[in-house]
Amino acid sequence: MEKQKPPRIEVKKAKDTIELFLGQTAAIVNGSPIKLEEAPFLQDNSAMIPMYFLVDLWNMEAIWEPVERRITILFPL
């Protein structure tokens, strides 16, 4: 019997492809495995993924705005 794979989330930007798997801290970035601090999960029918590694990978800036309880992510030009 074939082992069922966990649900997969794919993120693409320019030449980068990222594969994330619900409930697993293993991810694949451009064919190379990486370990995440937190596993993606489902909440209220939405997939929640850890953004920190995308911010690092794509040289973005994340700004926490405590009054609004919001994170603003700035993409480099």
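This is a tutorial dialogue on reading a predicted model of one protein chain.

User: Let's start with the overall layout. How many helices and strands does the chain have, and in what order do they run?

Analyst: Keep in mind that this is a predicted model. The chain has one helix and eight strands. Reading from the N terminus, the order is β-β-β-β-β-β-α-β-β. The C-alpha trace spans about 50 × 30 × 20 Å along its principal axes.

User: What share of the 77 residues is buried, and how much area does the chain expose?

Analyst: Buried residues are 23% of the 77. The exposed area is about 6,300 Å², with carbon and sulfur atoms supplying 54% of it. For contacts with a separation of 6 or more, 14% link residues 24 or more positions apart.

User: Now the strands. How do β1 and β2 run relative to each other, parallel or antiparallel?

Analyst: They run antiparallel, joined by six bridges. To find the register, look for Ile 9, which stands opposite Leu 20 in β2. The two strands make a hairpin with two residues between them.

User: What should I look at in that turn?

Analyst: Check Ala 14, in the loop between β1 and β2. Its phi is near 50°, a positive value in a residue other than glycine. Ala 14 counts as exposed because its relative accessibility is 82%, and the cut-off for exposed is over 50%.

User: Where else is there a positive phi in a residue other than glycine?

Analyst: Asp 44 is a case, with phi near 50°. Asp 44 sits in the loop between β5 (41-43) and β6 (46-48). With 71% relative accessibility, Asp 44 also counts as exposed.

User: Back to the hairpins. Which strands does β3 pair with?

Analyst: One partner is β2, antiparallel over two bridges, with Glu 19 opposite Ile 28 in β3. That hairpin has four residues between its strands, and Gly 23 in the turn has a positive phi of about 80°. Another partner is β4 (residues 32-35), antiparallel over four bridges, with Val 29 opposite Ser 32 in β4. Here two residues lie between the strands, and Asn 30 in the turn has a positive phi of about 50°.

User: How do I read the two faces of a strand, and which residues of β3 are on the covered one?

Analyst: The general idea is that side chains in a regular strand alternate between the two faces of the sheet. In β3, Ala 27 and Val 29 make up the covered face, while Ala 26 and Ile 28 make up the uncovered one.

User: Next, the core. Which residues in the largest nonpolar core touch the most other members?

Analyst: In general, nonpolar side chains of soluble globular proteins tend to be buried together. The largest nonpolar core here has 13 residues, and those touching the most other members are Val 11, Ile 18, Leu 20, Phe 53, Leu 54 and Trp 58. Two or more residues each come from β1 (8-13), β2 (16-21), β3 (26-29) and α1 (52-57). The most come from α1, which gives three.

User: What does Ile 18 touch?

Analyst: Setting aside residues up to four places away in sequence, Ile 18 touches Ile 9, Glu 10, Val 11, Ile 28, Val 29, Phe 53, Leu 54, Leu 57 and Trp 58. That's a handy residue to click on when you want to trace the core.

User: How do I read an aromatic pair, and how many are there?

Analyst: You describe a pair of aromatic rings by the distance of the centres and the angle of the planes. The count here is one pair. The rings of Tyr 52 and Phe 53 have centres 6.0 Å apart and planes at 70°, so the pair is edge-to-face. Tyr 52 is partly exposed at 30% relative accessibility, whereas Phe 53 is buried at 8%.

User: One more residue: is Glu 65 buried or exposed, and what does its side chain contact?

Analyst: Glu 65 is in strand β7 (residues 61-65). Its relative accessibility is 18%, so Glu 65 counts as buried; the cut-off is under 20%. The side chain of Glu 65 makes a polar contact of 2.6 Å with the side chain of Arg 70. Beyond its neighbours within four places in sequence, Glu 65 is in contact with Arg 70 and Thr 72.

Notes. Residues numbered from 1 in each chain as written. Heavy atoms only, no water. Core = buried A, V, L, I, M, F, W, Y, C linked by side-chain atoms within 4.5 Å. Buried < 20%, exposed > 50% of the residue type's maximum accessible area, 1.4 Å probe, protein only. Contact = heavy atoms within 4.5 Å. Phe/Tyr/Trp six-rings, centres within 6.5 Å; stacked < 30°, edge-to-face > 60°. Polar contact = N/O pair within 3.5 Å; in protein donor to acceptor, adjacent residues only side chain to side chain. Areas by Shrake-Rupley, 256 points an atom, 1.4 Å probe, with all protein chains shown as cover. Pairing = 2+ DSSP bridges.
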